[in-house]
Amino acid sequence: MNILSLDRGSKRIGIAWMDTVNNTPLPLGYLINKNTVYSDLSSLIMQYHIDMVLYGYPTGNRNVIAKIDNFINNMKYCVSDTVVFQSIDEHYSSTQASDVTGDLGRKHISQDTVSAMILLERRKN
(Lines give C-alpha, C1' and ligand atoms only; values in the text may rest on other atoms or scores of the structure.)
Protein backbone atom coordinates (compact mmCIF):
# COMPACT_ATOMS: atom_id res chain seq x y z
CA MET A 1 0.00 0.00 0.00
CA ASN A 2 1.27 3.48 -0.87
CA ILE A 3 0.43 6.25 1.59
CA LEU A 4 0.68 9.98 1.04
CA SER A 5 0.83 12.05 4.21
CA LEU A 6 -0.28 15.68 4.32
CA ASP A 7 0.37 18.29 6.96
CA ARG A 8 -1.91 21.09 5.78
CA GLY A 9 -1.11 24.61 6.82
CA SER A 10 -2.56 27.90 5.68
CA LYS A 11 0.55 28.68 3.59
CA ARG A 12 2.14 25.30 2.82
CA ILE A 13 1.23 21.63 2.76
CA GLY A 14 4.01 19.33 3.89
CA ILE A 15 4.10 16.05 1.99
CA ALA A 16 5.65 12.68 2.75
CA TRP A 17 5.26 9.23 1.23
CA MET A 18 5.59 5.68 2.47
CA ASP A 19 4.91 2.24 1.11
CA THR A 20 3.95 -0.41 3.62
CA VAL A 21 6.52 -2.83 2.20
CA ASN A 22 9.54 -0.72 3.19
CA ASN A 23 7.62 1.07 5.97
CA THR A 24 9.95 4.09 5.92
CA PRO A 25 8.54 7.63 5.57
CA LEU A 26 10.24 9.64 2.85
CA PRO A 27 10.00 13.40 2.34
CA LEU A 28 8.40 14.76 -0.82
CA GLY A 29 8.69 18.42 0.12
CA TYR A 30 5.80 20.81 0.22
CA LEU A 31 3.27 22.58 -1.95
CA ILE A 32 2.21 26.17 -1.63
CA ASN A 33 -1.43 26.17 -0.53
CA LYS A 34 -2.91 28.03 -3.51
CA ASN A 35 -5.59 27.45 -6.13
CA THR A 36 -3.60 24.75 -7.99
CA VAL A 37 -3.01 22.61 -4.90
CA TYR A 38 -5.80 20.11 -5.71
CA SER A 39 -4.43 19.51 -9.18
CA ASP A 40 -0.88 19.23 -7.84
CA LEU A 41 -1.90 16.71 -5.17
CA SER A 42 -3.99 14.74 -7.63
CA SER A 43 -0.93 14.43 -9.89
CA LEU A 44 1.19 13.20 -6.97
CA ILE A 45 -1.46 10.65 -6.05
CA MET A 46 -1.40 9.26 -9.59
CA GLN A 47 2.40 9.41 -9.89
CA TYR A 48 3.00 7.49 -6.66
CA HIS A 49 0.01 5.14 -7.09
CA ILE A 50 -1.38 6.26 -3.75
CA ASP A 51 -3.91 4.02 -2.01
CA MET A 52 -4.35 6.15 1.12
CA VAL A 53 -4.08 9.81 2.00
CA LEU A 54 -3.21 10.32 5.65
CA TYR A 55 -3.82 13.82 6.91
CA GLY A 56 -3.18 15.59 10.17
CA TYR A 57 -6.30 16.47 12.10
CA PRO A 58 -6.21 19.06 14.87
CA THR A 59 -8.11 18.96 18.12
CA GLY A 60 -9.98 21.83 19.64
CA ASN A 61 -9.81 24.63 17.08
CA ARG A 62 -13.17 24.52 15.24
CA ASN A 63 -12.02 27.07 12.66
CA VAL A 64 -9.02 24.98 11.64
CA ILE A 65 -11.06 21.76 11.75
CA ALA A 66 -13.62 23.27 9.35
CA LYS A 67 -10.82 24.28 6.95
CA ILE A 68 -9.28 20.79 7.05
CA ASP A 69 -12.70 19.16 6.49
CA ASN A 70 -13.36 21.45 3.52
CA PHE A 71 -9.90 20.78 2.08
CA ILE A 72 -10.27 16.99 2.34
CA ASN A 73 -13.81 17.03 0.92
CA ASN A 74 -12.54 18.99 -2.09
CA MET A 75 -9.61 16.57 -2.49
CA LYS A 76 -11.99 13.63 -2.65
CA TYR A 77 -13.54 15.09 -5.81
CA CYS A 78 -10.11 15.20 -7.50
CA VAL A 79 -9.02 11.59 -7.03
CA SER A 80 -10.24 8.08 -7.68
CA ASP A 81 -12.92 6.62 -5.42
CA THR A 82 -10.45 3.88 -4.50
CA VAL A 83 -8.21 6.30 -2.58
CA VAL A 84 -8.91 6.08 1.14
CA PHE A 85 -8.65 9.19 3.31
CA GLN A 86 -7.68 8.73 6.94
CA SER A 87 -7.17 11.38 9.60
CA ILE A 88 -4.62 11.15 12.36
CA ASP A 89 -4.12 13.32 15.43
CA GLU A 90 -1.54 15.97 14.59
CA HIS A 91 -1.18 17.15 18.18
CA TYR A 92 2.44 18.33 18.75
CA SER A 93 3.63 17.18 15.31
CA SER A 94 4.89 20.70 14.49
CA THR A 95 6.74 20.85 17.81
CA GLN A 96 8.32 17.47 17.12
CA ALA A 97 9.27 18.60 13.61
CA SER A 98 10.84 21.75 15.02
CA ASP A 99 12.91 19.60 17.38
CA VAL A 100 14.08 17.45 14.46
CA THR A 101 14.94 20.36 12.18
CA GLY A 102 16.49 22.44 14.94
CA ASP A 103 14.40 25.48 14.16
CA LEU A 104 14.41 26.67 17.76
CA GLY A 105 10.80 27.76 17.57
CA ARG A 106 11.03 29.53 14.21
CA LYS A 107 8.80 28.26 11.41
CA HIS A 108 10.94 26.70 8.72
CA ILE A 109 9.85 25.31 5.36
CA SER A 110 11.34 21.87 6.08
CA GLN A 111 9.23 21.65 9.22
CA ASP A 112 6.08 21.09 7.13
CA THR A 113 7.60 18.08 5.39
CA VAL A 114 8.98 16.63 8.61
CA SER A 115 5.54 17.03 10.21
CA ALA A 116 4.07 14.93 7.38
CA MET A 117 6.75 12.28 8.01
CA ILE A 118 5.93 12.28 11.73
CA LEU A 119 2.27 11.59 10.91
CA LEU A 120 3.36 8.50 8.97
CA GLU A 121 5.48 7.36 11.91
CA ARG A 122 2.49 7.74 14.22
CA ARG A 123 0.41 5.57 11.90
CA LYS A 124 2.99 2.78 12.15
CA ASN A 125 2.87 2.75 15.95
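**Exercise 1. Contacts of Ile15**

Task: In this predicted model, find which residues Ile15 touches, leaving aside those up to four places away in sequence.

Solution: Start with the stretch before Ile15: Leu4, Ser5 and Leu6 are among its contacts. Next, move along to Pro27, Leu28, Gly29, Tyr30 and Leu31, which Ile15 also touches. Then look further on, where Leu41, Leu44, Thr113 and Ala116 complete the list.

**Exercise 2. The nonpolar cores**

Task: Which residues touch the most other members of the largest nonpolar core?

Solution: This core has 20 residues. Within the core, Leu6, Ile15, Leu41, Ile45, Phe71 and Phe85 touch the most other members. Now ask where the core comes from: S1, S2, H1, S4 and H2 each give two or more residues to it. Finally, look for another cluster: a second, separate core has 9 residues, including Ile3, Met18, Met52 and Leu119. As background, nonpolar side chains in soluble globular proteins tend to be buried together.

**Exercise 3. The sheet**

Task: Work out the order of the strands in the open sheet.

Solution: Reading across, the 5 strands follow the order S3-S2-S1-S4-S5, and their pairing is mixed. The two edges are S3 (26-32) and S5, each of which pairs on one side only. On average, neighbouring strands are turned by 25° against each other, direction ignored.

**Exercise 4. From S4 to S5**

Task: How many bridges join S4 to S5, and do these strands run parallel or antiparallel?

Solution: Take S4 (residues 52-57) and S5 (residues 84-89): 6 bridges join them, and they run parallel. Follow the chain between them and you pass through helix H2 (residues 62-76), in a right-handed β-α-β crossover. To check individual positions, find Leu54, whose bridge partner in S5 is Gln86. Likewise, Gly56 stands opposite Ile88 in S5. Last, see how H2 is placed: this helix lies across S1, S2, S4 and S5, at about 170° to S4.

**Exercise 5. A salt bridge**

Task: Which residue forms a salt bridge with Asp112, and why do both partners count as buried?

Solution: First, search the whole structure, which gives 1 salt bridge. Asp112 pairs with Arg12, their closest N and O atoms being 2.6 Å apart. Next, place the partners: Asp112 is in helix H4 (residues 109-124) and Arg12 in strand S2, 100 residues apart. Now apply the cut-off for burial, under 20% relative accessible area. Asp112 counts as buried because its relative accessibility is 3%. Arg12 counts as buried too, because its value is 16%.

Key
Residues numbered from 1 in each chain as written. Predicted model: local features only at pLDDT ≥ 70, side-chain atom pairs only at ≥ 80, totals over all residues. Heavy atoms only, no water. Pairing = 2+ DSSP bridges. Helix = DSSP H or I, 4+ residues; strand = E, 2+ residues; numbered from the N terminus. Right-handed = clockwise from strand over helix to strand, strands pointing away. Axes fitted to C-alpha atoms, helices over the stretch in contact; angles between N-to-C directions. Contact = heavy atoms within 4.5 Å. Core = buried A, V, L, I, M, F, W, Y, C linked by side-chain atoms within 4.5 Å. Buried < 20%, exposed > 50% of the residue type's maximum accessible area, 1.4 Å probe, protein only. Salt bridge = Lys/Arg side-chain N within 4 Å of Asp/Glu carboxyl O.
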